[in-house]
Structures are given as C-alpha cells and as structure tokens.
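Open the model in a viewer with the sequence panel beside it. The stops below say what to select next and what is there.

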Amino acid sequence: MPVDPWAIDTLNYSGLEARNVDSAFVMSNGSALGSVSGVRPGDPGLTVTLSGATINCSAGVATVAYPGQGVYRVAFPTSTSPGSYTAAHATLNRIDLVYLRVWDNSVDASGLAKGDIVYLAGTPSSTPVAPAPSGTQVYMPLATITVLSVSNGSTASVSTSVRPVTVAPGGIWPSSTAPSSPYTGQAYHNGTDLLLWNGASWDTYFKVPAAWTSYTPSWTGSTTNPTLGNGTLVGRYQKIGRQVAFHINLVAGSTTTYGSGNYNFTLPFPVANVGASYIGTAHLLGTDRWAGHTVLSPGASAFVPFFSQSATNTRLSGQTPTSPETFANGSQLRMTGVYESAT
C-alpha cells in the first residue's frame, strides 16, 4: 500500500499522516508508531500553580501521543487557566486532576478541534485518589491538586509529579522507572544513576557517588581464630556497578586475643574470577609503622595482608600475631583497596 512520504510538493496530507510522521521524532513507547507523551526535559512550561482558588498553567509545549493517532504537538504561547478548583468538602479530603486535552473530532466526536487545559475535580474520600478522564479523550496529565477538607483546614497543594517527560529518539530519558520496551543502547536517568539497556538487562553506566556503606568484616587466623574482645573492627565500602572500593580498620583492645597463623579479612563482595589479582595497601601502626599490601585473588571472598617479615628481611609474608611485629593492645591495622566484584 503506497503512502505519502513527508514532504513532497503536490501531495496532500491528512492530519493523521502528519502526526504519524511526527512519531519519528519522539521517544518510542515500544510499539509501531507509538510514542511517549510529555514535556521537554528541564522545560518549566506547562507548570500548574494556584493563586488562591484559581488554577493557572504557564505557557509551554508538549507532545501528546494517542494510540493509532501519532503525536499531537501542542503549544500554549501564553499562560492559561481552567478556572477555580471546587470548594473543600466538610470532612473528607479530595485529589483533583489538571490535564492538557486535545479535542479532535475525528477521534473523540467532540465536534471540536483545539487544545486546552482542563480541570477535573476528584471525589471526596477517606482514601482519595486522582480521577481519570472518562470517555475517549486525547490527554496528558499535568498536575494533581490535593484539597484538604474544611475540618482539616481547607488548604490546597499542587503536585506536578504526574506530568510526563519525553525526549527525542536516542535521548536520555529522565524517569524514576525504566522504559517498558527498551531498545539495545537506550539510556535513562532515574534521578541517581544513568543506566543503559544491554539487550537483556540494565547496566549502571554512571552512578552518582553516595556515602560509603558500613559492613563488619570477619577476622580469622589460618590456624586458630583471634577474638576481638573490646577492640574495634570496622569496614566501609562503596560499590558502583561492579567496582568496589573498601576500607578496613582494626584496633586491638586490652581483651583482644590474637589467634595464630596468617590473618584473613572478609570483603564486602567476592572478587571477580577473571584471572586478575588486585593489589591494595595495608598499614600497621604498632611499636613501629609498617607499610604493606593487600592481595585480592580471583574469586576470593577474603584476603591476607602482607608485610615485610622483619625490619631486616623485606621479603613479604602474611601478617601473623608476631609478624612483622607483635600485635598488641592499641595496635592499628588499616587496609584499603579497589577491585572488580563478581556481580
């Protein structure tokens, strides 16, 4: 079946043809010719506010998608108002809806061809919810208005969290939820992380660094285990994707016992088994200061700190209760490292 390609001289185009072509420039919803309604990211337009009981909506632009109808591009060059919200109920709260509506007689049989901002009052209830427009309507929600009852103060507040955002194909979609039908390489930002769809799952491409997380490492000996007593053993880590940075600090106390054999400390996550060992740093503060290393082997869930065997023998060996010096009350062991986790 031949179609009218856009835009060729002498051809006549229907509104549906034009809207379907416009779908090529708006984020897909995963269906053929389907698009995602919304305002542009970062655009302050079409923001709903209150002035007393009067509802105002600022100037702005949006694309409104409707199944089988492509996308309607709508521009409001000046602010507009759908009127005032309904007075508060005596005892029950209410949630109202403000939405952008496209009136298209060929779709909704309204007899109209225009776009405007519509106010729809909700139903007072002990558990109020925002109403949904009834019938066949081409629309996009812009805001909800929570109207407290007279007994609760009759105040009203606006939330624009229902207002969707859309982007051009290939754009980074700002959304708290992932696209329902992603394509390989699609990106979205959930407010904290930037994620990419690899064809099977979402990979965290960039994560805003957050505060490190505390964990309690296990401290053991290869022959007999030490006991912490009134000493302190703390661990902290930060995980971004599969990259883990960690820190462990051990301070021996007066009731600490030291076990025997090489010391081991558990990691927050197992190491990736990719044939690579990761070298970190260790620092022992006792009678003297000793510089050492942490060695994280492939697939390991714990590691041994390594130090020089003595002040005169700089060959490395695993730390023990007496090497590189006797571990005693007040001694501090500090270890840090970065590695790739198994998951």
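**Stop 1: strand 20 and its neighbours**

Select strand 20: its covered face carries Trp-290, Gly-292, Thr-294 and Leu-296, while Arg-289, Ala-291, His-293 and Val-295 make up the uncovered face. Strands here are DSSP runs of E with at least two residues, helices are runs of H or I with at least four residues, and both are numbered from the N terminus. The model is predicted, with local features requiring pLDDT of at least 70 and side-chain atom pairs counting only at pLDDT 80 or more, whereas totals for chains, interfaces and linings use all residues. Residue numbers start from 1 along each chain as its sequence is written, and side-chain values use heavy atoms, leaving out hydrogens and water.

Add strand 19, which pairs with strand 20 in the antiparallel sense over eight bridges; two strands count as paired if DSSP finds at least two bridges between them. Leu-284 has Trp-290 of strand 20 as its bridge partner. Three residues link strand 19 to strand 20 in a hairpin.

Next add strand 21, which runs antiparallel to strand 20 and is joined to it by three bridges. Here the bridge partner of His-293 is Phe-306 in strand 21. This is again a hairpin, with five residues between strand 20 and strand 21, and Gly-299 in the turn has a positive phi of about 80°.

**Stop 2: the nonpolar core**

Select Phe-265 and Phe-327, the residues with the most contacts inside the largest nonpolar core, which has 25 residues. Such a core is a set of buried Ala, Val, Leu, Ile, Met, Phe, Trp, Tyr and Cys residues joined through side-chain atoms within 4.5 Å. Buried means under 20% relative accessible area, exposed means over 50%, and partly exposed lies in between (1.4 Å probe, protein chains only). Strands that each supply at least two residues of this core include strand 16 (232–240), strand 17 (243–251), strand 18 (263–266) and strand 23 (332–340). Strand 17 gives the largest share of the core, four residues.

**Stop 3: strands 14, 16 and 17**

Keep strand 17 selected and add strand 16; they pair in the antiparallel sense over nine bridges. Lys-239 stands opposite Val-244 of strand 17. In the hairpin of these strands, two residues lie between them and Gly-241 takes a positive phi near 65°. Then add strand 14 (residues 213–215), which pairs with strand 16 in the antiparallel sense over three bridges. Tyr-215 has Gly-235 in strand 16 as its bridge partner.

**Stop 4: the largest pocket**

Where is the centre of the largest pocket? Select Phe-25, Val-26, Arg-40, Thr-63 and Thr-166, which lie nearest that centre among the 15 lining residues. A pocket is an open set of points, on a 1 Å grid over the protein atoms alone, where a 1.4 Å probe fits, with protein on both sides within 12 Å along at least five of seven lines; lining residues have an atom within 4 Å of a point. The volume of the largest pocket is about 220 Å³, taken as the space filled by probe spheres set on grid points joined across faces, edges and corners.

Strand 3 (60–65) and strand 4 (71–76) each contribute at least two residues to the lining. Strand 3 provides the largest share, three residues. By class the lining has nine nonpolar, three polar and three charged residues; Ala, Val, Leu, Ile, Met, Phe, Trp, Tyr, Cys and Pro count as nonpolar, Asp, Glu, Lys and Arg as charged, and the others, Gly among them, as polar.

**Stop 5: two buried residues**

Select Val-64 in strand 3. Val-64 is buried, with a relative accessible area of 0%. Its C-alpha atom is separated by 27 Å from that of Ala-53, eleven residues apart along the chain.

Now select Ser-23, in the loop between helix 1 (15–22) and strand 1. Ser-23 is buried, at a relative accessible area of 9%. The C-alpha atoms of Ser-23 and Ala-65 are 8.5 Å apart, with the two residues 42 residues apart along the chain.

**Stop 6: an open sheet**

Finish with the four strands that form an open sheet in the order 7-6-8-9, with antiparallel pairing. Strand 7 (113–120) and strand 9 (156–159) are at the edges with a single partner strand each, so one side of each has no neighbour in the sheet. Strand 8 (residues 138–147) is joined to strand 9 by four bridges, and Val-147 stands opposite Ala-156 in strand 9.
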